[in-house]
Every structure is written in structure tokens, then in C-alpha cells.
Amino acid sequence: MTATAAPPQAPAPTEPPVHKPSVRKRLVPYWLLLPGILWLLVFFVLPMVYQASTSVQTGSLEEGFEVTWHFQTYWDAFTEYLPQFLRSLLYAGTATALCLLLGYPLAYLIAFKAGRWRNLLLVLVIAPFFTSFLIRTLAWKTILADGGPVVAGLNAIGFLDVTSWLGMTEGDRVLATPLAVVCGLTYNFLPFMILPLYSSLERIDTRLHEAAGDLYARPATVFRKVTFPLSMPGVVSGTLLTFIPASGDYVNAELLGSTDTRMIGNVIQSQYLRILDYPTAAALSFILMAIVLIMVTIYIRRAGTEDLV
Amino acid sequence: MTDKTAGGDVRLSGISKHYGTFTAVHPLDLTIPQGSFFALLGASGCGKTTTLRMIAGLEEPSTGTVHLGDREVTDLPPYKRPVNTVFQSYALFPHLSIFENIAFGLRRRGIKSVKKQVDDMLDLVQLGQFAQRKPHQLSGGQQQRVAVARALINHPQVLLLDEPLGALDLKLRRQMQLELKRIQTEVGITFVHVTHDQEEAMTMADTVAVMNGGRVEQLGAPAELYENPRTTFVANFLGTSNLIEASVESAGPDVVVSASGTTLRLPAARCSTTPRTGGKLLVGVRPEKVSLVPAAEENAIATGRNKITGRIAASSFIGVSTQFVIDSPVCPELEVYVQNIERDGRLVPGAEVVLHWNPEHTFGLDADQDIDAGIETVEESA
């Protein structure tokens, strides 16, 4: 009830009524939320529900699929494709580590040393996105081609002996080996590592570096005790943005790998599109989601980012 | 460790700093005695912070050397200098607790048992109960004290303070000035304090160096600088001065000058330049040294005092005193501060008045300089 609606002879209301927003005004935030919620509903929740139901169906394409609550599919899929799951996590993990090793120095350079080149370098970081993901990955096929200069060079410096000892290459080939897939993953997801790293490094007050130096920290200690801890939010979001999509990726393994380097993404893709075993494909997708979710939760807990805001 | 008698002086010899074609600090010689509270005072951009940063090692001097005691530290990186800084923005480590912030310097020097020292330091700055908080959970004044504690715990030979009170409100600033002064007396470390606040410099420091345009204009004890400014910049920047352009009638131990027909006297000893008969001189007097009487009472003024007639243009009552602006043929806008002991109802705008003061309270400056130097900057920082 607003004051204007009160009879004029009524005693003055105890609370000032003018500040009460109208019902319409109070609903505005919800109206603004609506498009996003609808979008999520249609393109995220519904497909998830549909996939969940698919994963507990049995049948075949000819006879049709039916929900039979057949949870056995999950266990069967998991045990049958365990090697691909492990391989996916291994490749994604290696690629994430490489992205961090390559991306951190670059992000550091752009944030603190680039001066007027900063914007240009940032544009160069995202420049690959102007070309299609597929084309860029195909280009790596040429780069890593047998007998090409890159492979010859790596061979000459003995790099391939090391990777071959690690089981990442075979003989003097790079293409169709785990190394090629990891290279592709690293290359394709590197910007997703650099950008969050950059944005969290860039926010660090450089006077903190001066203060640390003033308090007897040599440059390496300044990095270890001040810069790196303060860049943790960037490290965490960068590794997540790299690891999560990399673990579900199938393009790199498809184009740069062989049957021995199939990742779980490749299995899901072929279950869906070639073997047409929809329940298994859906179950694999949910298992992958669950594994990634658990790993990410543990990781965030361990990294303790909430402390760094 | 260090020689307490003479070893700890900070000596800057011919030190300067250029950025491209811009000269931030002109070659400068400065000795800051061990244990003193030294202030570098000036408007923003005068080179005071650059000078401080060169002592800290955060800025490399273009020429010259920095000595701490007998040891040359010009080429030492900051982390090797026995000097600590309290930064203007405090620069506390946001990811570390107050305890770890204060322990930072000790830990970097490989000291393992820091608890006792850190606790003592927390007590000194009265922040004992905040040890486990993060910097952002503290108020500005508390953060400032953490910044001081974090630097002091290392017992530096010199503590550098870069406008450490700039971000605090007036009341807190006064409180912290006394606090810092107390700490300095207690620990006996050399403090070099950079500020643009002349009152702050005068309250806290034993010695003040007034800087302008990358040079030290004048150096001395606060009272000395205030009473005997040697340049118009110092006269105007430290407090307010009435500067009157005059020509010298006769030079001697007592200088007689005339300005627009009014004759004024001042002791030659209080002139920063040697007055020559027939030459020009800027005659200065501080507003609080001047007395004001209505024109009708001119005869009651004792003989031998400097007198100027004029008309009150404006007056403002500020509690302890009333500030008058007087229009006079000798000089437009003379300022006079009158203590509010007995307020004279006749001293209102428009009244004809006579200003008079003891000739001993007059100082003389070289007329070859900008009479308004240092005025705008005071208004900006006030």
C-alpha cells in the first residue's frame, strides 16, 4: 500500500513511503535475466536432460531406442574406454602445463615490459582466431610433415630421441604421434591461457615489486613471493580454460594423431556419428563431465583462489 | 654494526636525474646527518620524490653518487641497500597477512624466528590485534602504520617516507605526524620525509630542504626558513609573505627603502642579497607580524616602526584570528592576521587603516626574481 492511496485524513505513515519502488520496477531485473535464462534452458538444460535420458536407453537405430534405466551402459562404457579417458587427461594435462610454461613468460612480458607494444602483442595473441580452428590445425599437419624442416631440425638436435624415449614419438616421425596431438592442443588453447594470465598480471601494482625489492627481496624472490602468488587467479582460470576444453577435444587427435592417440572426444564422436550407439556416446559424455568436474573442484580447493580476490 | 657517530650520514654528491630532455633533478649536493628528521618539501613535480627514489635505489641517478656513511651505494640495487621506504600508496602485499607483511623484510634476510620482533613492532604501532588480518581489512591510517612498521622492523640506516600521510584526512594526518615524530625519537633512525605540505614539514622535521624545479631553494631549520627566506619561492611557499617592491635609499647596517613614497627600514643582516643604494629590493613581512590600527590612531604608533597606510578590502574571521586584505598604494593586497584578543569594531571593509610593524621583522630579497613564485602551489595543496 502506498501513501498516495491512503486517505488524506489518515495519520502520517511511520515509514516514508516514497522510496518503495513499484511492482513493475522491482521486476525489471528479472525481465533482464529472462533472455539469458531462456537461452540456458533451451540450449543447455534441455539438451542435458535429453542426453541424460538417452544415456539410460537401450535399443538400436532400426528398432528405436527406449528408456529402460539401463545404468549398466555407464560402467561398460567406462571400463571399455578407460585408456582413452586416461589418455585424454594426460594429453590435456600436458598441453595445459606447456601452455602455462609458454604463456606465463609471454603474459608477463606483455603486462610489465611491453610498453607501447602491449596492445599490438595482445592483438597478435588472439590473431589466430581470425582463421578457423580446423584450418589452423590442418596447417600443423604441414608444419609437422615427415621430412619437413621442423621434423628434420628436431631430429638433428636430438629432440626426437628424448620424446621417443618418453614414448611421445616413434622413430623420426612427429605426425600421428602423441607429441603431434599435444602440440596441436597446446597451440590451439594457448590464447586461453595467456589472456587470463595477462589480465591478472596486469592488475598487479608494480609498486609492490618496488616495495618487495626495497625489503631485501632479489628479483627471483619478488617473483616467487609477490608476483606469482598475486597472479594465481589468472593461473587458475587459465589452466581451467585450457584443460577443460582440451580434455574433450577431438579435432587435434583426429587430424594430427593416429588410432593410437584417440582421445575420449574421438570415441564419443565416432559412437555418435559412425557406430550410432547413442546411449554409449551420451554415457561417455556424462562420465567425462563428471571426471572434469571432480578434478576442477579439487583443483580450485587446493589453489585456494577465494583467498586472493 | 654501523658507526653511530658519523658513519650514518646520507651524502648525495652532484646527483641528478634526466628523463630524455627533461631534467627532474639538477645536480644536487646534500648531506643528511645521522639520526635527523629531514624533510624534502616542494610542490608536485619539483624532484623531491625522484631524489628520495635515488636514495632508495629505485631510480638510477644520471650523474653523481649516493653514500651511506662511508659506503658508496650508487650502483647497489634496492635489495642490497640498508634503506627502507614507506610508499605513498603504502604498497602493502594484499595476499599476505599484516604479520607476514611486517615479517617480509626479516624473512628475506634469512631470519627464522621473527615472531618476537614482529609482535614488538605491532605493539609499537598499536596494531597487535590485527596481526592476522589482510591489508584490505584495515583503515587507511592502520595501513599507513603497517607500512611504517614493515619498513622500521629492518632497522634501516635510513627510513624514506614518500608522502606517507597524503591519503589520510586532516585530523588523522595530524595524529600520524605526532606518531611518526614519536617513533623517530624512539628509534633514532634517520628519517627522510618527502611532502608537499609545508605545515607537515615544519611540524615534523629538524631540517627542511625546500625544492623547486629540481633544485634545492633553501635548506635549514623550519623556524630559520620561515623567518629568513632567501628566495621569493620559499617566502611564499612556506606560509604567506607580503612582498613589496622597493628602491634602496641608503644602504648600511640599517637599510632604508622607499616604495611609492612610503619609507621602510630593515636590518641589512636580514637581506639575502647585498642592498646597493639606488638598487631594487623586495621587502617582505609575515602577515602575523603586522599590527593594524584605524587611520585616526596613527599618532599613537610608536616611532621607529614601519608604517603603511591603506584601506581594508576584505576580512575573514577564522576563529583564532581575523585575516585582513588591505589595499594600499604601496602594494595591492597586503595580508594581515590579527589575533582575536579584543576585536576592534572599526576594522571593517572600507575602513582607512595604518599597518605597522617592527623593522626587525622585515626581510629583504633579491628583486631579480618572480615576486609570485610559489604562490599558486600553496593554494593547490591547501
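Student: How many residues does the contact take from chain B and from chain A?

Tutor: The contact takes 16 residues from chain B and 16 residues from chain A. This is a predicted model.

Student: Which elements give two or more residues to the side of chain B that touches chain A?

Tutor: Strand 6 (83–86) and helix 2 (98–108) of chain B do. Helix 2 of chain B gives 3 residues, the largest share.

Student: How do the residues of that side of chain B divide into nonpolar, polar and charged?

Tutor: There are 8 nonpolar, 5 polar and 3 charged residues.

Student: What makes strand 7 and strand 8 of chain B a pair?

Tutor: Pairing needs at least two bridges between the strands. Strand 7 (residues 158–162) and strand 8 (residues 190–195) of chain B have 5 bridges, so they count as a pair. They run in the parallel sense. One of the links joins B:V158 to its bridge partner B:T190 in strand 8.

Student: Why are strand 6 and strand 10 of chain B called edge strands?

Tutor: Each of them pairs on one side only. The open sheet of chain B has 6 strands in the order 6-7-8-3-9-10, with mixed pairing. On average, its neighbouring strands are turned by 20° against each other, direction ignored.

Student: Which strands does helix 1 of chain B lie across?

Tutor: Helix 1 (residues 48–56) lies across strand 3, strand 6, strand 7, strand 8 and strand 9 of chain B. The helix runs at about 150° to strand 7 of chain B.

Student: What domains is chain B divided into?

Tutor: Domain 1 (10–227) and domain 2 (239–381). Their C-alpha centres lie 38 Å apart.

Note on methods. Residues are numbered from 1 along each chain as its sequence is written. Chains are lettered from A and ligands numbered from 1 in the order in which they are written. This is a predicted model: local features need pLDDT of at least 70, side-chain atom pairs count only at pLDDT 80 or more; totals for chains, interfaces and linings use all residues. Two residues are in contact if their C-beta atoms, placed from the backbone, lie within 7 Å. Helices (H or I, at least four residues) and strands (E, at least two) are DSSP runs, numbered from the N terminus. Ala, Val, Leu, Ile, Met, Phe, Trp, Tyr, Cys and Pro count as nonpolar, Asp, Glu, Lys and Arg as charged, and the others, Gly among them, as polar. Domain bounds come from an automatic or database domain assignment. Axes are lines fitted to C-alpha atoms, for helices over the stretch in contact, and angles run from 0 to 180 degrees between N-to-C directions.
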